Amino acid sequence: MEKDRIQRIGRLPNEVERVSHLTSRILLGRFGPLIIAVILLLTLPPFVPMDIRLMMAKFLIFAIFAMGFNLVFGYLGLLSLGHGVYFGAGGYTVALLQYHLHIDSFWIAMPLAILVPVVLAALLGPIVLRSTGMYFLLLTFAIGELFYSISWQARFMSVIGVGGERGVRGIPSVIYPDLNIPGLALDTTSFYYFILVGFVICYILLYRITNSPFGHALVGIREGEPRMQALGFNTWRYKYIALIISAAFSGVAGAMFAWHNTIIDPSHFAVGTSFLPMVMSIIGGSKVLFGPVIGAVIVIFVEYFASIHMRLRWPLILGSIFVVAVMFARAGVGVYLERLWKKVGVRYGNTKS
Amino acid sequence: MEFFATNLLNGLSFGMVLFLIASGLSIIIGVMGIINLSHGALYMFGAYVGWTVAKQYGLNFWFAVLSGALAAGLVGLFIERGFLRRLYKQMNEQVLLTFGFVYIITNICLWVWGGVAKVPFWDPALSGSFDLAGLLYPKTRIIVICIGVVLAVFLWWLQDKTRVGAIVRAGMDDKEMVTALGINMGRVSMLIFFLAAFIAGFAGVVGAQLWGVYTYQGLQTLLFALIIIIVGGIGSIQGALTGALLIGVIDAFGKALFPDLAMFTMYIVMIVILIVKPSGLLGRKVQ
């Protein structure tokens with residue numbers, strides 16, 4: 001490869017050229033975008049204003065949620081409109097532990113915030129997985145709204161009478177978790193890095209899951225369930241396990257969101273929350289693992305700018321994002337970006353892409 | 001006895017409005033295989049338009065009903081012609097698109113009409129109460145029940161006794177075959193969608209007599225409609241009617257007998273039905 005190039009150029013490149021050539025090859029190569037993204041995510045936050053740092057944390061949280069959701073949506077091909085249930089369950093677990101039991105240790109809160117959604121998914125799974133396609137969608141939607149009603153009604157799940165004459169439902173003033181590391185109390189910067197570590201762990205786990213035989217079996221079920229059954233797969237069990245795994249990741253995201261947002265309320269169970277990972281997956285591209293991450297970047301950034309300039313019109317913008325995503329970016333922006341990147345690579349000398 | 005009769009009538013009037021909402025959605029899902037989540041938003045939009053016509057311009061109530069229905073129908077037509085037509089058989093995209101329209105319509109309504117809930121605006125000539133063998137009952141609710149019955153009969157006639165209904169029923173079973181017989185399914189779909197949205201707007205103005213209009217109604221109504229479709233079964237007027245009346249009556253009695261659990265009775269019915277008969281009470285098979 002290198003020899004070819006030297007022959008073509010006809011002289012040995014000097015040291016500077018060699019280094020710059022190497023850098024451009026790394027940056028324009030297959031992992032280039034990943035490297036650039038990692039560098040940005042690692043170095044940027046301490047130097048930007050606090051609200052942008054918080055927005056970046058939020059985007060990482062929703063990226064985890066969307067990736068977890070996409071395991072069921074993109075890989076398994078089941079459209080669930082009830083993932084807010086698991087997200088909210090994770091969030092409420094953390095918030096209720098703090099509010100009622102005054103436990104803010106990360107090491108207790110996080111395992112419970114995973115366990116509760118997992119148990120919920122294990123209980124709801126047999127009900128929702130009786131149905132497929134349209135009925136699955138309607139059923140998960142209704143179950144999401146059921147949890148919304150429960151969290152609205154249940155006394156222990158809200159602090160009534162905080163602000164506003166009708167009272168705020170939900171649990172306000174959730175604080176950052178205690179990591180039980182001496183000398184480390186989380187502030188917005190360290191909380192961001194804490195979320196980043198969580199995001200990386202989740203990404204690696206999901207990468208392993210989707211590239212395992214299990215992940216391929218899920219894609220097989222999406223493409224043709226009867227065929228997988230004929231091959232001897234117990235497809236119901238695969239779906240059930242995928243739902244539970246997805247719930248676990250949603251719970252992680254929910255817990256992080258409760259810490260980030262400082263307040264968790266019934267709407268986080270409801271369909272509005274469940275639709276966010278879906279729109280992120282579709283915008284970013286639901287057939288690839290990093291698709292939902294890109295979708296999350298786009299949606300959260302737009303939300304950030306909308307919240308500055310036209311807070312009241314945000315639902316209108318969000319709805320328009322849905323429409324535009326469906327009409328013009330159905331394959332997913334992630335896929336377009338990947339193609340664009342290949343073109344850039346070819347154009348600027350990286351023949352191997 | 002009076003307790004029973006009052007709650008039964010409450011439940012029936014509630015159920016009739018629910019039927020108006022759910023019937024359109026059920027047919028859309030059944031005939032076109034389109035899940036239109038913006039159906040509830042169309043209901044709300046129709047109600048707002050009706051409110052404006054009746055209160056702002058002080059026009060006749062029936063004119064308000066008609067204009068609300070027409071407004072919702074036109075918006076529905078726009079959504080179908082402009083967008084949904086291109087998303088045939090792509091359920092995920094339909095769901096996302098129509099939910100986007102829920103946000104858009106809700107926010108525009110909030111923009112135009114403000115966040116304050118609008119109270120019922122019944123025509124004075126039609127208000128007051130009705131003497132039902134010693135039981136004084138609001139005339140509005142009786143009229144709502146009558147409207148529901150008339151519309152149910154009309155829709156049943158349309159579905160079972162007319163050529164359009166026959167095409168629609170055939171389309172549910174085998175769309176390709178119907179197309180092959182020389183029927184323009186695109187136009188039939190458009191007509192059905194308009195009709196469904198029209199009825200949703202109609203239901204909006206009628207339902208506003210019971211609950212008023214507010215901006216969260218889009219989602220709430222959608223939820224009611226979906227529960228009824230799940231309970232009654234997709235794709236038939238009879239199914240929607242059964243589900244709606246069942247849910248309406250159970251909800252009314254639930255509210256009277258167990259006020260603490262009032263929010264959950266619908267869900268409990270739904271889950272029980274799903275476990276016993278997953279395709280709904282009178283469901284037909286939808287591919």
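Axes are lines fitted to C-alpha atoms, for helices over the stretch in contact, and the angles between them run from 0 to 180 degrees between N-to-C directions. With that in hand, a pair of helices in chain A of this predicted model makes a good starting point. The axes of helix α5 (residues 83-101) of chain A and α12(A) come within 7 Å and cross at roughly 105 degrees. Angles of 65 to 115 degrees count as roughly perpendicular, and α5(A) and α12(A) are therefore roughly perpendicular to each other. On the α5(A) side, the contact is made by A:His83, A:Gly84, A:Phe87 and A:Gly88; α12(A) contributes A:Val271, A:Thr273, A:Ser274 and A:Pro277. By class, the residues of this contact between α5(A) and α12(A) divide into three nonpolar, five polar and no charged.

Chain A as a whole has 15 helices and zero strands. Of its 353 residues, 41% count as buried. Among contacts in chain A with a separation of 6 or more, 76% are accounted for by residues 24 or more positions apart.

Two loop residues of chain A deserve a look for their backbone angles. A:His102 sits in the loop between α5 and α6 (106-128) of chain A, and its phi is near 55 degrees, a positive value in a residue other than glycine. A:His102 counts as exposed because it has 7 C-beta neighbours inside 10 Å, and the cut-off for exposed is 12 or fewer. A:Thr262 also has a positive phi, near 65 degrees, and is likewise a residue other than glycine. The place of A:Thr262 is the loop between α11 (235-261) and α12 of chain A. With 13 other C-beta atoms within 10 Å, A:Thr262 is partly exposed.

Turning to the interface, 32 residues of chain A are in contact with 30 residues of chain B. On the chain A side, the elements that give two or more residues are α7 (133-153), α12 (271-284) and α14 (314-328). Helix α7(A) provides the largest share of this side, 12 residues. Sorted by class, the side of chain A that touches chain B has 22 nonpolar, six polar and four charged residues. Helix α12(A) thus appears twice in this account, as a partner of α5(A) and as a contributor to the side that touches chain B.

Chain B contains 11 helices and two strands. From the N terminus on, its elements run α-α-α-α-β-β-α-α-α-α-α-α-α. The C-alpha trace of chain B spans about 60 × 45 × 35 Å along its principal axes. A compact globule of 287 residues would have a radius of gyration near 19 Å, and chain B, at 19 Å, agrees. Of the 287 residues of chain B, 53% count as buried. Among contacts in chain B between residues at least 6 apart in sequence, 76% join residues at least 24 apart.

Within chain B, helix α5 (residues 139-161) has 23 residues. From its first C-alpha to its last, α5(B) reaches 32 Å, close to the 33 Å expected at 1.5 Å a residue. The buried residues of α5(B) are B:Thr140, B:Arg141, B:Val144, B:Gly148, B:Leu151, B:Ala152 and B:Leu155. These buried residues pack against α1 (2-32), β2 (135-138), α8 (185-211) and α10 (237-257) of chain B.

One of those partners, helix α8 of chain B, holds B:Val205. B:Val205 is buried, with 29 other C-beta atoms within 10 Å. Beyond its neighbours within four places in sequence, B:Val205 is in contact with B:Gly46, B:Ala47, B:Gly50, B:Ala64, B:Val65, B:Gly68 and B:Ala69. By comparison, the C-alpha atoms of B:Val205 and B:Phe154, 51 residues apart along the chain, are separated by 19 Å.

B:Ala64, one of the contacts of B:Val205, lies in helix α3 (residues 61-82) of chain B. B:Ala64 counts as buried because it has 25 C-beta neighbours inside 10 Å, where the cut-off is 20 or more. Neighbours within four places in sequence aside, B:Ala64 is in contact with B:Gly50, B:Val53, B:Ala54, B:Leu59 and B:Val205. B:Gly50 is thus listed among the contacts of B:Ala64 and among those of B:Val205. B:Ala64 and B:Val49 are 15 residues apart in sequence and 7.6 Å apart in space, C-alpha to C-alpha.

Key
Residues numbered from 1 in each chain as written. Chains lettered and ligands numbered in written order. Predicted model: local features only at pLDDT ≥ 70, side-chain atom pairs only at ≥ 80, totals over all residues. Helix = DSSP H or I, 4+ residues; strand = E, 2+ residues; numbered from the N terminus. Contact = placed C-beta atoms within 7 Å. Nonpolar A, V, L, I, M, F, W, Y, C, P; charged D, E, K, R; others polar. Expected span 1.5 Å × (residues − 1). Rg over C-alpha atoms; globule rule 2.2 N^0.38 Å. Parallel < 35°, antiparallel > 145°, perpendicular 65-115°, else oblique.
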